Amino acid sequence: MNLEGFSKHLLICNGATCTKNGAEEVTETIREEIKKLELQKEIHTTKTLCNGQCKHGPITVLYPQGTWYKKMNKEKSEELIRQLKEERNDNLGSELYYHDGKAFKNHE
């Protein structure tokens with residue numbers, strides 16, 4: 001996989017628990033929204049297995065920002081991609097961890 005040229009990378013957990021909680025719909029929604037907004041050359045997605053946050057799933061992780069989003073669903077997935085297009089950083093109500101430039105911190 002060559003990520004050269006991409007500005008963002010979304011890791012979308014599709015482990016067993018996240019899948020039970022709707023991860024496939026989250027994955028499809030994110031990918032459809034990226035295509036709809038013509039962001040295929042800016043945002044790359046990767047389906048992962050367990051990201052170790054099962055009780056908070058479905059989990060989506062945004063890099064290089066280092067933001068972990070919990071309990072993602074169709075609506076939050078659409079909004080996340082719109083925010084990334086518009087370079088906004090509004091609270092989705094799903095932020096679990098963020099990176100302050102030195103370390104991860106719990107958003108709660």
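Me: Is Cys 18 buried or exposed?
Reply: Cys 18 counts as buried, with 3% relative accessibility (buried is under 20% relative accessible area, exposed over 50%, partly exposed in between, using a 1.4 Å probe and protein chains only). Keep in mind this is a predicted model, where local features need pLDDT of at least 70, side-chain atom pairs count only at pLDDT 80 or more, and totals for chains, interfaces and linings use all residues. Residues are numbered from 1 along each chain as its sequence is written, and side-chain values use heavy atoms, leaving out hydrogens and water.

Me: How many disulfides does the structure hold?
Reply: Zero, taking a disulfide as a pair of cysteine sulfur atoms within 2.5 Å. Cys 18 is in none, and its nearest cysteine sulfur, that of Cys 13, is 3.6 Å away.

Me: And why no bond for Cys 54?
Reply: Because its closest cysteine sulfur, in Cys 50, is 3.7 Å away, which is too far. Cys 54 is partly exposed, at 33%.

Me: Switching to the sheet, what's the strand order?
Reply: E2-E1-E3-E4-E5-E6, an open sheet of six strands with mixed pairing. Strands here are DSSP runs (E, at least two residues; helices are H or I, at least four), numbered from the N terminus, and two strands pair if DSSP finds at least two bridges between them.

Me: Which strands stand at the edges?
Reply: E2 (43-48) and E6 (104-106); each has a single partner strand, so one side of each lacks a neighbour in the sheet.

Me: In which sense do E1 and E2 pair?
Reply: Parallel, over six bridges, with E1 covering residues 8-13. Cys 13 stands opposite Thr 48 in E2.
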